[in-house]
Amino acid sequence: MHIKAKKSLGQNFLIDRNVLEQIVDTIEVENKEILEIGPGSGNLTAYILKKNPKKLYVIEKDDALALLLKERFNDEISIINDDVLRVSEDKISDKKLTVFGNLPYNISTEILSKWVVNLTKNFWFEGLVLMFQKEVADRIIAKCNTSKYGRLSILSNWKLNIKKIIDIKPESFSPRPKINSSLLLFTPKKNFFEIENPKNLEMITRVFFSQRRKMLKKPFNQVFKNSKEVSEKFNIDLNLRPQNLEPEIYFNLVKEYESLRS
């Protein structure tokens, strides 16, 4: 049964054996409960199964592919035929999952942001091995004072340690995307900054980075009525730009914002 990738769902199937092997070698699989996002035609699924997981769940939105996976793997996998943005991952199993995902490029940042924002102290996963467009991955791992650093870097690094594994060329996929991809490994941080409502972190970084070339004075005035006091409290030079502030400073600003509102 030949399946054609759907552009509307951002589908590109990974066909490179070396890359598939590298992906499953990134993190312990044997005897673990695994969740695969967007398995497509099941190429990575087959490699995961070779590693003897305890259980393998897959989330596949495309009905035709879900059917194909059922035919190909039968009872070896549990198929969740739904949109990943609508699934409550923490309800899939009472064990911590290890997650693999060749995320649909059109919603990859949305998926990651959803996961980070909804994380509580009890992480539902042991690790995430996720593939992104290289330029998105570069933004996720970007450091302060670089041009790629922004909202995504701050949000991703809040509760997760992130390590880049490999870059993947277009030839490794069918159909070939026009861009390079990168594979990242995310693991939970033992301690992370307590923020009452993660939506406030999203809001503050949005306000600051929507004017990333402007000085900090403008977003500060937008967020804080007493912007001068707040900037002095954290020793922030308002002539700097948003990309010059470390993530910790943004977390402190969110905490300050929350305390002023309570």
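**Figure 1. Strand β3 and its neighbour β4.** Strands β3 and β4 (residues 78–80) run parallel and are joined by 3 bridges. If you look for V58 in this view, you will find its bridge partner in β4, I79. To get from β3 to β4, the chain passes through helix α3 (residues 63–73), and this β-α-β crossover is right-handed. Please keep in mind that what you see here, and in every view below, is a predicted model. Is β3 (residues 55–59) mostly enclosed or mostly open? Of its 5 residues, 4 are buried, so β3 is largely enclosed by the rest of the structure.

**Figure 2. Strand β2 meets β3.** Let us move to the other partner of V58: E36 stands opposite V58 in β3. Strand β2 (residues 33–37) is joined to β3 by 5 bridges, and the two run parallel. L35 is also part of this pairing, standing opposite Y57 in β3. Together, β2, helix α2 (residues 43–50) and β3 form a right-handed β-α-β unit.

**Figure 3. Both faces of β2.** Here you can look at one side of β2 and then the other. E33, L35 and I37 lie on one side, I34 and E36 lie on the other, and all of them are buried. Because 5 of the 5 residues of β2 are buried, this strand is largely enclosed by the rest of the structure. Strand β2 also pairs with β5, in the parallel sense, over 5 bridges. In that pairing, G101 in β5 is the bridge partner of I37.

**Figure 4. Helix α2 under cover.** How many of the 8 residues of α2 are buried? The count is 7, so you can call this helix mostly covered. The buried residues are N43, L44, T45, A46, Y47, I48 and L49. The elements that cover them include β1 (13–14), α1 (17–24), β2, β3, α3 and β5. After α2 comes N52, whose phi is positive, near 55°.

**Figure 5. The open sheet of 7 strands.** Now for the wider setting of the strands you have met. The sheet is open, its pairing is mixed, and its strands come in the order β4-β3-β2-β5-β6-β9-β7. Strands β4 and β7 (160–168) stand at the edges with a single partner strand each, so one side of each has no neighbour in the sheet. From one strand to the next, the twist averages 20°.

**Figure 6. The β7 edge and the helices on the sheet.** Strand β7 is joined to β9 (residues 181–188) by 8 bridges, and this pair runs antiparallel. One place to spot the pairing is I168, which stands opposite S181 in β9. Helix α4 packs on the sheet and touches β2, β5 (97–102), β6 (125–133), β7 and β9, with its direction at about 160° to that of β6. Helix α5 (residues 134–141) packs on the sheet too, touching β6, β7 and β9, and its direction makes about 130° with that of β6.

**Figure 7. Helices α4 and α6 side by side.** Which residues bring these two helices into contact? From α4, T109, L112, S113, V116 and V117 meet L152, L155, S156, W158 and K159 in α6. Helix α4 (residues 108–118) and helix α6 (residues 151–159) pack at an angle of about 40°, and their axes are 9 Å apart. The two helices are therefore oblique to each other, and their crossing is left-handed.

Key
Residues are numbered from 1 along each chain as its sequence is written. This is a predicted model: local features need pLDDT of at least 70, side-chain atom pairs count only at pLDDT 80 or more; totals for chains, interfaces and linings use all residues. Side-chain values use heavy atoms; hydrogens and water are left out. Buried means under 20% relative accessible area, exposed over 50%, partly exposed in between (1.4 Å probe, protein chains only). Two strands pair if DSSP finds at least two bridges between them. A crossover is right-handed if, with the strands pointing away from the viewer, the path from the first strand over the helix to the second runs clockwise. Axes are lines fitted to C-alpha atoms, for helices over the stretch in contact, and angles run from 0 to 180 degrees between N-to-C directions. Angles under 35 degrees count as roughly parallel, over 145 as roughly antiparallel, 65 to 115 as roughly perpendicular and the rest as oblique. A crossing is left-handed if the near helix is turned anticlockwise from the far one by less than a right angle, and right-handed if clockwise. Contact means heavy atoms within 4.5 Å.
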